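The exercises below are intended for a reader who has the sequence and the coordinates at hand. Each task is followed by a solution that proceeds step by step.

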Amino acid sequence: MDDYFKETGDAMEDYSFRVGFGYDIEEGKEYYNTVANHIYGESHVDQVGICQIGATIAVHTGPYAIGIGCVKKYENYL
């Protein structure tokens, strides 16, 4: 994640972040704390979410998947 932002020059504040975890909620919470603290320390991002990965993704990753997702924010001009 850090490499991506260094390479693109994008600001973390322009993205929404979420940590996803599979079966192990305790591992998910621990990973979330690590990721969220890093993001908060490196940027002015005010919220990092957490969610359990559903069956559609887990069927491809297995039950113990864990990761970070980020989506660039945009303004709707309609």
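The exercises proceed from the overall fold to single residues.

**Exercise 1. Confidence and overall architecture**

Task: Determine how many helices and strands the protein has, and in which element confidence is lowest.

Solution. Step 1: the model is predicted, and confidence is therefore examined at the outset. The mean pLDDT is 93, with 97% of the residues at 70 or more. Step 2: by element, helix 3 (residues 55-61) has the lowest confidence, with a mean of 85, whereas helix 2 has the highest, at 97. Step 3: the secondary structure consists of 3 helices and 3 strands, and from the N terminus the elements follow the order α-β-α-β-α-β. Step 4: the C-alpha trace extends over about 35 × 35 × 20 Å along its principal axes. Of the contacts between residues at least 6 apart in sequence, 70% connect residues at least 24 apart.

**Exercise 2. The surroundings of strand 1**

Task: Establish which strands pair with strand 1, and in which sense, parallel or antiparallel.

Solution. Step 1: strand 1 pairs with strand 3 (residues 66-72) in the antiparallel sense, through 7 bridges. Step 2: strand 1 and strand 2 run parallel and are joined by 5 bridges. Step 3: Val19 illustrates both pairings, for its bridge partner in strand 3 is Ile68, and in strand 2 it stands opposite Ile50. Step 4: burial is considered next. Of the 7 residues of strand 1, 5 are buried, so this strand is largely enclosed by the rest of the structure. Step 5: the connection to strand 2 is then classified. Strand 1, helix 2 and strand 2 form a right-handed β-α-β unit.

**Exercise 3. The largest nonpolar core**

Task: Identify the elements that give two or more residues to the largest nonpolar core, and the one that provides its largest share.

Solution. Step 1: the core has 11 residues, namely Phe5, Met12, Tyr15, Phe17, Val19, Tyr32, Val35, Ala36, Ile39, Val45 and Val48. Step 2: strand 1 (15-21) and helix 2 (25-42) are the elements that give two or more residues to this core. The largest share, 4 residues, comes from helix 2. Step 3: a general tendency is relevant here. In soluble globular proteins, nonpolar side chains tend to be buried together. Step 4: Ile39 serves as an example of a core member. Beyond its neighbours within four places in sequence, Ile39 contacts Met1, Met12, Phe17, Val45 and Val48. Step 5: for the protein as a whole, 23% of the 78 residues count as buried.

**Exercise 4. Ser43 and Glu42**

Task: Decide whether Ser43 is buried or exposed, decide the same for Glu42, and list the polar contacts of the Ser43 side chain given by its distances to Ile39 and Val45.

Solution. Step 1: Ser43 lies in the loop between helix 2 and strand 2 (48-52). Because its relative accessibility is 11%, Ser43 counts as buried; the cut-off is under 20%. Step 2: the Ser43 side chain reaches the backbone oxygen of Ile39 at 2.7 Å, and one of its polar atoms lies 3.2 Å from the backbone nitrogen of Val45. Step 3: leaving out residues up to four places away in sequence, Ser43 touches Met12 and Glu13. Step 4: Glu42 belongs to helix 2. Its relative accessibility is 55%, so Glu42 counts as exposed, the cut-off being over 50%. Step 5: Glu42 and Glu13 are separated by 29 residues in sequence and, from C-alpha to C-alpha, by 10 Å in space.

How values were computed:
Residues are numbered from 1 along each chain as its sequence is written. This is a predicted model: local features need pLDDT of at least 70, side-chain atom pairs count only at pLDDT 80 or more; totals for chains, interfaces and linings use all residues. Side-chain values use heavy atoms; hydrogens and water are left out. A nonpolar core is a set of buried Ala, Val, Leu, Ile, Met, Phe, Trp, Tyr and Cys residues joined through side-chain atoms within 4.5 Å. Buried means under 20% relative accessible area, exposed over 50%, partly exposed in between (1.4 Å probe, protein chains only). Contact means heavy atoms within 4.5 Å. A polar contact is a pair of N or O atoms within 3.5 Å; within protein, one must be able to donate a hydrogen and the other to accept it, and residues adjacent in sequence count only if both atoms are side-chain atoms. pLDDT is the predictor's confidence in each residue, from 0 to 100. Two strands pair if DSSP finds at least two bridges between them. A crossover is right-handed if, with the strands pointing away from the viewer, the path from the first strand over the helix to the second runs clockwise.
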